[in-house]
Amino acid sequence: MTTDPDLHTSGTASPAAGAKGPGANGGAEPNAIEVDHIVKKYGDFAAVDDVSFSVKEEEIFGLLGPNGAGKSTLIRMMTTLIPITAGRAVIAGHDVATDPDDVRRVIGVIPQALTSDIDLSVEENLSIYAKLYDVPAKTRRAAIDELLELVDLTKWRHAQTKTLSGGMRRRLEIARGLVHSPRIFFLDEPTTGLDPVSRVAVWEMLTNIKSHRKLTILITTHYMDEADRLCDRIAIVDHGKLVALDNPLALKASVPGSNVIEAQFTNVPDDWEQRLRGMSGVTSVEHKGAAMYRILTADGSRTTTELVEKAVQAGVGLKSLSVQNTTLDDVFVHYTGRQLRDELVKSYSFVMPPRPGLQP
Ligand SMILES: Nc1ncnc2c1ncn2[C@@H]1O[C@H](COP(=O)(O)OP(=O)(O)OP(=O)(O)O)[C@@H](O)[C@H]1O
Ligand SMILES: [Mg+2]
């Protein structure tokens, strides 16, 4: 599978490489976020390795990458939680290294782990934060009412947080992160671990919030479908490096071939893969085992017709056939050389509890 060493970017999507901080976008509006050759090292290991990008005001910017890619580390540096080893991050015009307090005033942060207090009610969780952030008493109640409405938790305001489902608790934490009206909102995997219905609810809610207030959003996710649906631009991060950055359409267009054909055959001759490669429009063929082939093509309908004809002529049986448009999964494979999901599966390890009488 192809791995393109060159970072894919286009048009206004160019990363901030060489940018000199706010105003680097032609002297117009300062960017909400400027990250310039940022590095985070733990000993000799670079968790984030020379990453540069900028996020415009009111943009929804996605950081996409497998476990351990460096997404949370990037967020932690941008939100003043850990020091930067090298490079610079400027948030709403404030340098995180020299003006951390100014940065904290303009940002809201939803960390990866759930952090609301389960022994407090929904409303209490919000009002404690409002007080911490010095939201004036007279506007506090109205701010909380509005946010509860936006995250659809009004009727749960007096419920103890421990009685909420995972999705509702996430929505509460999103409301809590917005209680001081930040201009820039960082969310680290807000939907991981949620069921599909709750995931969709969180994304709809974020879109709804965005339509009500001026907000720039930086969000990390494992889920390609979400990134595709919600983000204006997406940065793909892998092993601490930025490997591609653009809007979802341009990213998909950057992968050679616009359709993906998956076909399973029976009785294939030895040179079958070779013959598939020779069909019109085909840019790559991957043999996935059990006579299953994944074919990228620039012309889905023409290649499919040819494929069926070829199979009939060669006496090859066709067990299954599907044709789809290129997805962000294909983009990820193209730029990193592997599947995002495979990486996820590999990264989980299961430890059996020790059993009496058995030596480890
Ligand atoms: N405090 C630390 N000390 C040493 N290594 C660390 C530390 N924090 C993170 N790392 C390492 O840095 C790399 C990036 O971690 P990070 O948490 O940023 O990844 P991530 O993309 O957020 O992953 P996930 O999807 O699992 O949340 C990983 O290899 C991780 O083990
Ligand atoms: Mg993380």
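**Exercise 1. Helices α5 and α6**

Task: Describe how the axes of helix α5 (residues 166-177) and helix α6 (residues 196-212) are placed, and find which residues make the contact.

Solution. Step 1: the axes of α5 and α6 come within 9 Å, and they cross at roughly 20°. The model is a predicted one.

Step 2: angles under 35 degrees count as roughly parallel, and α5 and α6 are therefore roughly parallel to each other.

Step 3: the crossing in which α5 passes α6 is right-handed.

Step 4: on the α5 side the contact is made by Gly 167, Arg 171 and Ile 174, and on the α6 side by Ser 198, Val 202, Met 205, Leu 206 and Ile 209. Sorted by class, the residues of this contact of α5 with α6 are 5 nonpolar, 2 polar and 1 charged.

**Exercise 2. Helices α3 and α4**

Task: Treat α3 and α4 in the same manner, giving the angle at which their axes cross and the residues that meet.

Solution. Step 1: the axes of α3 and α4 come within 10 Å and cross at roughly 130°.

Step 2: an angle over 145 degrees would count as roughly antiparallel, and 65 to 115 as roughly perpendicular. The crossing falls in neither class, and α3 and α4 are therefore oblique to each other.

Step 3: α3 and α4 cross in a right-handed sense.

Step 4: α3 brings Val 122, Glu 123, Leu 126, Ser 127, Ala 130 and Lys 131 to the contact, where they meet Arg 140, Arg 141, Ile 144 and Leu 148 of α4. The contact of α3 with α4 has 5 nonpolar, 1 polar and 4 charged residues.

Step 5: the buried residues in α3 are Val 122, Glu 123, Asn 125, Leu 126, Ser 127 and Ala 130. The buried residues of α3 pack against α4 and also against α5.

**Exercise 3. The loop between α3 and α4**

Task: Follow the chain out of α3, and state which residues Val 135 is in contact with, leaving aside its neighbours within four places in sequence.

Solution. Step 1: just after α3, Asp 134 takes a positive phi of about 60°.

Step 2: Val 135 is placed in the loop between α3 and α4 (137-150). Its relative accessible area is 11%; buried means under 20%, so Val 135 is buried.

Step 3: with neighbours within four places left aside, Val 135 is in contact with Ala 130, Arg 140, Val 179 and His 180. Of these, Ala 130 and Arg 140 also take part in the contact of α3 with α4.

Step 4: Val 135 and His 180 are 45 residues apart in sequence, and their C-alpha atoms are 6.2 Å apart in space.

**Exercise 4. The magnesium ion**

Task: Name the protein donors of the magnesium ion (ligand 2), and place them in the chain.

Solution. Step 1: the protein donors are OG of Ser 72 and OE1 of Gln 112, at 2.0 to 2.2 Å from the ion.

Step 2: Ser 72 belongs to helix α1 (residues 71-78), while Gln 112 is in the loop between β6 (107-110) and α3 (122-132), so the pair ties together parts that are 40 residues apart in sequence.

Step 3: Ser 72 counts as buried, at 12% relative accessibility. Gln 112 has a relative accessible area of 37% and is partly exposed.

**Exercise 5. Thr 79**

Task: Decide whether Thr 79 is buried or exposed, and list the residues it touches.

Solution. Step 1: Thr 79 is found in the loop between α1 and β4 (86-91).

Step 2: with a relative accessible area of 3%, Thr 79 is buried.

Step 3: not counting residues up to four places away in sequence, Thr 79 touches Ile 107, Val 109 and Phe 186.

**Exercise 6. Positive phi**

Task: For Asp 50 and His 239, give the value of phi and the place in the chain.

Solution. Step 1: Asp 50 is a residue other than glycine with a positive phi, near 60°. Asp 50 lies in strand β2 (residues 45-55) and is partly exposed, with a relative accessible area of 41%.

Step 2: His 239, also a residue other than glycine, has a positive phi near 50°. His 239 is in the loop between β9 (233-238) and β10 (241-246), and at 57% relative accessibility it counts as exposed.

Terms used:
Residues are numbered from 1 along each chain as its sequence is written. Chains are lettered from A and ligands numbered from 1 in the order in which they are written. This is a predicted model: local features need pLDDT of at least 70, side-chain atom pairs count only at pLDDT 80 or more; totals for chains, interfaces and linings use all residues. Side-chain values use heavy atoms; hydrogens and water are left out. Axes are lines fitted to C-alpha atoms, for helices over the stretch in contact, and angles run from 0 to 180 degrees between N-to-C directions. Helices (H or I, at least four residues) and strands (E, at least two) are DSSP runs, numbered from the N terminus. A crossing is left-handed if the near helix is turned anticlockwise from the far one by less than a right angle, and right-handed if clockwise. Contact means heavy atoms within 4.5 Å. Ala, Val, Leu, Ile, Met, Phe, Trp, Tyr, Cys and Pro count as nonpolar, Asp, Glu, Lys and Arg as charged, and the others, Gly among them, as polar. Donors are N, O and S atoms within 2.8 Å of the metal (3.2 Å for Na, K and Ca); water is not among the atoms, so sites may look incomplete. Buried means under 20% relative accessible area, exposed over 50%, partly exposed in between (1.4 Å probe, protein chains only).
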